[in-house]
Amino acid sequence: MNRIVTAITSLFLLLVLAGQFSAAAQEEAIAKTNLKVGDIAPDFTLTSNKWEKVKLSDFRGKKNVVLAFYVLAFTGG
Amino acid sequence: MAKLEASDTVVLGISLDSPAANAAFAEKIGVTFPLLSDMDKEVLTAYGILKPYDVKGSKFKWAERTTIVVDKEGKIRHVEQGDSAVDPNSAVSVCTGLHKPHGQ
């Protein structure tokens, strides 16, 4: 009986641990972009610091665009 | 930046700051290119670059530093993530390369 309880407890612990690891792996995956060289950049329209709408596809056929994503304003980078 | 403009390129800064915060930031650091607000994190989510941060026990999801070069056809030509993406030199060389006529 004790053995069964131990077995069930260890199994339960294993499952909990495995769950934590996969959750950590998922969080990690969030930061990595799935976009690759050669993909079409997903279009967007966002509001600029001058309250103007800027649409990525408006530059198509006209300009190359460097998208510089930064963490937060007023921090180094 | 002058190098980039010479290669037919615009720069767009993107973060989840508000337009007002970006306006103050742009003035402070003297940037001339637009800083865009993704307050809903729609673009950050679509581009898959939200990263969990832990600041003194408070958890947030903000952008990972990322530089993406998109060419005139809307295709991605360069992706750089992490702290090295702060250095614009590699993005600049990609754009300068795009500017060159084919066959050079």
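Let's begin where two strands from separate chains meet: A:S48 has B:L36 as its bridge partner in β2(B). This pair belongs to an antiparallel pairing over 2 bridges, formed by strand β1 of chain A (residues 45-48) and strand β2 of chain B (residues 35-37). Please keep in mind that everything here describes a predicted model.

**Where the chains touch**

The contact between the chains draws on 39 residues from chain A and 52 residues from chain B. On the chain B side, strand β1 (residues 9-15) gives the most, with 7 residues. Sorted by class, the side of chain B that touches chain A holds 30 nonpolar, 11 polar and 11 charged residues.

**The two chains in outline**

Chain A has 1 helix and 3 strands, and along its sequence they follow the pattern α-β-β-β. Of its 77 residues, 18% are buried. Chain B has 4 helices and 6 strands, running α-β-α-β-α-β-β-β-β-α from the N terminus on. Buried residues make up 33% of the 104 residues in chain B. As for contacts in chain B between residues at least 6 apart in sequence, 25% of them join residues at least 24 apart.

**The core**

The largest nonpolar core has 28 residues. Those with the most contacts inside this core come from both chains: A:L67, A:A68 and A:F69, together with B:L12, B:I14, B:A63 and B:V70. At least two core residues are supplied by each of β3 (64-69) of chain A and, in chain B, β1, α2, β2, α3 (42-46), β4 and β5 (66-70). The element that gives the most to this core is β3(A), with 5 residues.

A:A68 is a good residue to click on if you want to see the chains come together. Leaving aside residues up to four places away in sequence, A:A68 touches B:V11, B:L12, B:G13, B:I14 and B:T67. One of these partners, B:V11, is in strand β1 of chain B. B:V11 counts as buried because it has 23 C-beta neighbours inside 10 Å, where 20 or more are needed. The C-alpha atoms of B:V11 and B:P34 are 7.4 Å apart in space, although the two residues are 23 apart in sequence.

**A buried loop residue in chain A**

A:A41 sits in the loop between α1 (2-31) and β1 of chain A. Is this loop residue buried or exposed? A:A41 is buried, since 22 other C-beta atoms lie within 10 Å. Not counting residues up to four places away in sequence, A:A41 touches A:L56 in its own chain and B:I68, B:V70, B:G74 and B:I76 across in chain B. A:A41 and A:S57 are 16 residues apart in sequence, with 9.1 Å from C-alpha to C-alpha.

**A helix with two faces**

Helix α2 of chain B covers residues 19-29, and B:N22, B:F25 and B:A26 are buried in it. Viewed down the axis of α2(B), these buried residues fall within an arc of 100 degrees, so they line one face of the helix. What do they pack against? The buried residues of α2(B) pack against β2 of chain B. The face turned away from this buried side carries the exposed residues B:A20, B:E27 and B:K28. Just after the helix, B:G30 takes a positive phi of about 70 degrees.

**A hairpin and two lysines with positive phi**

Strands β3 (residues 50-55) and β4 (residues 58-63) of chain B pair in the antiparallel sense over 6 bridges. Within this pairing, B:S58 in β4(B) is the bridge partner of B:V55. The hairpin has 2 residues between the strands, and B:K56 takes a positive phi there.

B:K41, another residue that is not a glycine, has a positive phi as well. The table sets out these two lysines.

| Residue | Phi | Loop in chain B | C-beta neighbours inside 10 Å | Burial |
|---|---|---|---|---|
| B:K41 | about 60 degrees | between β2 and α3 | 14 | partly exposed |
| B:K56 | near 50 degrees | between β3 and β4 | 4 | exposed |

B:K56 counts as exposed because its 4 C-beta neighbours fall within the limit of 12 or fewer. With 14 such neighbours, B:K41 counts as partly exposed.

Methods:
Residues are numbered from 1 along each chain as its sequence is written. Chains are lettered from A and ligands numbered from 1 in the order in which they are written. This is a predicted model: local features need pLDDT of at least 70, side-chain atom pairs count only at pLDDT 80 or more; totals for chains, interfaces and linings use all residues. Two residues are in contact if their C-beta atoms, placed from the backbone, lie within 7 Å. Ala, Val, Leu, Ile, Met, Phe, Trp, Tyr, Cys and Pro count as nonpolar, Asp, Glu, Lys and Arg as charged, and the others, Gly among them, as polar. Two strands pair if DSSP finds at least two bridges between them. The arc is that of the directions from the helix axis to the C-beta atoms. A nonpolar core is a set of buried Ala, Val, Leu, Ile, Met, Phe, Trp, Tyr and Cys residues joined through C-beta atoms within 7 Å.
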